[in-house]
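The following exercises train the reading of a protein model, residue by residue. Please attempt each task before studying its solution.

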Amino acid sequence: FFKKSLIKDWRNGMRHSIPISATFPLFTYFNITPNITITDRMYTQKVRRQWDPQASAEVMDTTYSFYNVWDFNASVSLDTKIYGFFQPLPFLGDKVKMIRHVLTPSISFSGNPDFSSSFFGYYGQYQYQNTAGETMSRKYSYFPNAVFGVPGQGKAGSLSFSLANNLEMKVKSNDSIGEKKISLIENLSISQSYNFAADSMNWSDINTSILIRLVKNFNLNLSATWDVYTYQLNSAGNPVRVNIPRWKAGKGWGKLSSTGTSFSYTFNNDT
């Protein structure tokens, strides 16, 4: 332990993250939230690779110094709340006094540049010849096996949409207040995004979930993911996902691809 070099023999690094966000009212009924997160990583090793045509092999050169690797992600979101109140018809009885429905639509945009470009200097590239004699190009990270990773490749620019719902009713009770609230649907949400930076399959899957409070302290959550693209058979006869949305093929908006169920129970101190 005491004979090892901290710089050369140990895999180490430092990282700090700076999230900056704020929420401002817009036109009274809307909230706008800009956000930027800056992540800085500090490493002590850097690996450069190149192709040796004589040996037909990749060679590496490791240098030891102080290297700063940072990236950022910026986003801005806009949301509001829409309230609806429904009073049951008299012939249904007077037990239920009011039903309240809250819709929370939200739209957000997030993006980041391509941190694998030569401008940032986190990735290298070299050319080599494969076994068929063809000239190929390989991009690699200067910081392989880094403790806190490296910025990803490719730029991103996504527009996300979501809609959350809450439904509860107020009923008569025998306590001192004379009424109580009952949750019918704690949260029913649907979300999807569109990636402007992708060259194909820009739409994400549709994610839906519903959270129901069955009894006090007991919650049931159901979730489902819906695939929005179609499939075709390739030359080998296997189905592959293709860049044709289902609505363009006249097959509806999405096809169920996965589901999940979970429940939780909260104990109080007396229990």
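**Exercise 1.** Classify L222 as buried, partly exposed or exposed, then place it and list its contacts.

*Solution.* Step 1: L222 counts as partly exposed because its relative accessibility is 35%; buried means under 20% relative accessible area, exposed over 50%, and partly exposed in between, with a 1.4 Å probe and protein chains only. Before continuing, note that this is a predicted model, in which local features need pLDDT of at least 70, side-chain atom pairs count only at pLDDT 80 or more, and totals for chains, interfaces and linings use all residues. Residues are numbered from 1 along each chain as its sequence is written, and side-chain values use heavy atoms, with hydrogens and water left out.

Step 2: L222 belongs to strand 12 (residues 218-227); strands are DSSP runs of E with at least two residues, numbered from the N terminus.

Step 3: Leaving aside residues up to four places away in sequence, L222 touches T208, S209, I210, G260 and T261, where contact means heavy atoms within 4.5 Å.

**Exercise 2.** Determine whether E168 is buried or exposed, and state which residues E168 touches.

*Solution.* Step 1: Locate E168 in strand 9 (residues 156-172).

Step 2: The relative accessible area of E168 is 15%, and therefore E168 is buried.

Step 3: Beyond residues up to four places away in sequence, the contacts of E168 are M98, I99, R100, K181, I182, S183 and L184.

**Exercise 3.** Describe the surroundings of Q192 and find the backbone oxygen that lies 3.2 Å from a polar atom of its side chain.

*Solution.* Step 1: Q192 is part of strand 10 (residues 179-195).

Step 2: With a relative accessibility of 11%, Q192 counts as buried.

Step 3: Not counting residues up to four places away in sequence, Q192 touches residues including L159, F161, W203, S204 and W253.

Step 4: The backbone oxygen in question belongs to S204, 3.2 Å from a polar atom of the Q192 side chain.

**Exercise 4.** Explain how strand 13 and strand 14 pair, and name the residue opposite Y231.

*Solution.* Step 1: Strand 13 (residues 229-233) and strand 14 (residues 239-245) pair in the antiparallel sense over four bridges; two strands pair if DSSP finds at least two bridges between them.

Step 2: Opposite Y231 stands R241 in strand 14.

Step 3: The hairpin of these strands has five residues between them, and G237 takes a positive phi near 85° there.

Note on methods
A polar contact is a pair of N or O atoms within 3.5 Å; within protein, one must be able to donate a hydrogen and the other to accept it, and residues adjacent in sequence count only if both atoms are side-chain atoms.
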